[in-house]
Amino acid sequence: MSSSAAIPTSTSVVESAVIRAPLSHVWHHIKLHDFANFWTALKKSEFVKGVSNETDVVKWTFKDGTTVEVKQEEHSTINHYITYSVITAQPELTYSSVLSTVRCYAVTSGDLEGSTFVEWTGNFSSDADAAVIQDAKFKRRDALADLAKAAAKV
């Protein structure tokens, strides 16, 4: 085996956190166009104009200059989750696709009753390498920490 062979890796990432704020305070932030209101890596998030009335597409501009357009695939205010895919990126992504979901659950008993459990997953195409998965892991961890700070202020 040559030293330039790709390192086998999982193509999914799951990060989670218990946020010490009620579900309503956390869920309030989980709208694609509002992610810049809590995620400090983002400079801005804005709706993309000219897209179908049935489709929400939001452009995220990161502070490092990277931009991605994300398309809302599913949204449930009953089950408290949002699923989105990346449809364009500048610079271009090194992989074909990713489908992500942010899901919130009320913690209803125990020491953390009244808190919210948040899970943020990403399922990448098979051409995503270990560096992509690691980057996604740490971005989600940072974003969940930012979400916890924002939800505590509500």
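In this predicted model, A143 counts as buried because its relative accessibility is 0%, well inside the cut-off of under 20%. A143 belongs to helix α2, which runs over residues 130–153. Setting aside residues up to four places away in sequence, the contacts of A143 are with F38, W39 and W120. Sequence separation and distance in space can also be put side by side for A143 and E113: the two sit 30 residues apart along the chain, and their C-alpha atoms are 22 Å apart.

Helix α2 turns up again in the nonpolar core. The largest such core has 37 residues, and the members that touch the most others are F35, W39, W60 and F124. Two or more residues of this core come from each of β1 (12–19), α1 (23–27), β3, β4, β5, β6, β7 and α2. The largest share belongs to α2, with eight residues. W39, one of the well-connected core members, is also one of the residues that A143 touches. F124, another of them, has its own set of partners: leaving out neighbours within four places in sequence, F124 is in contact with T11, V13, Y95, S97, V98, V132, I133 and A136.

Next comes the largest pocket, with a volume of about 560 Å³. Its lining is made up of 26 residues, of which V68, L93, Y95, D135 and K139 are the closest to the pocket centre. Strands β3 (57–62), β4 (67–76), β5 (81–90), β6 (98–106) and β7 (116–124), along with α2, each put at least two residues into that lining. Here too α2 gives the largest share, this time five residues. Sorted by class, the lining comes out as 17 nonpolar, six charged and three polar residues. Y95, listed among the residues closest to the pocket centre, is also in contact with F124.

Two hydroxyl-bearing residues deserve a look for their polar contacts. S125 lies in the loop between β7 and α2, and counts as buried because its relative accessible area is 14%. The side chain of S125 reaches the backbone nitrogen of S96 at 3.1 Å, and a polar contact of 2.4 Å links the side chains of S125 and D127. Not counting residues up to four places away in sequence, S125 touches T11, Y95, S96 and S97. T11, Y95 and S97 are also among the contacts of F124.

T101 is placed in strand β6, and is buried too, since its relative accessible area is 15%. The side chain of T101 makes a polar contact of 2.8 Å with the side chain of T83. With residues up to four places away in sequence left out, T101 touches Y81, I82, T83, E119, W120 and T121. W120 also appears among the contacts of A143.

Finally, the backbone has a couple of spots to check. Most peptide bonds are trans, and most residues other than glycine have a negative phi. The bond joining Q90 and P91 is cis, with omega at about -5°, and P91 sits in the loop between β5 and β6. H80, in the loop between β4 and β5, has a positive phi near 55°. H80 is buried, because its relative accessible area of 19% falls under the 20% cut-off.

Key
Residues are numbered from 1 along each chain as its sequence is written. This is a predicted model: local features need pLDDT of at least 70, side-chain atom pairs count only at pLDDT 80 or more; totals for chains, interfaces and linings use all residues. Side-chain values use heavy atoms; hydrogens and water are left out. Helices (H or I, at least four residues) and strands (E, at least two) are DSSP runs, numbered from the N terminus. Buried means under 20% relative accessible area, exposed over 50%, partly exposed in between (1.4 Å probe, protein chains only). Contact means heavy atoms within 4.5 Å. On a 1 Å grid over the protein atoms alone, a cavity is a set of points where a 1.4 Å probe fits but cannot get out, and a pocket is an open set with protein on both sides within 12 Å along at least five of seven lines; lining residues have an atom within 4 Å of a point. Grid points are joined across faces, edges and corners, and a volume is the space filled by probe spheres set on the points. Ala, Val, Leu, Ile, Met, Phe, Trp, Tyr, Cys and Pro count as nonpolar, Asp, Glu, Lys and Arg as charged, and the others, Gly among them, as polar. A nonpolar core is a set of buried Ala, Val, Leu, Ile, Met, Phe, Trp, Tyr and Cys residues joined through side-chain atoms within 4.5 Å. A polar contact is a pair of N or O atoms within 3.5 Å; within protein, one must be able to donate a hydrogen and the other to accept it, and residues adjacent in sequence count only if both atoms are side-chain atoms.
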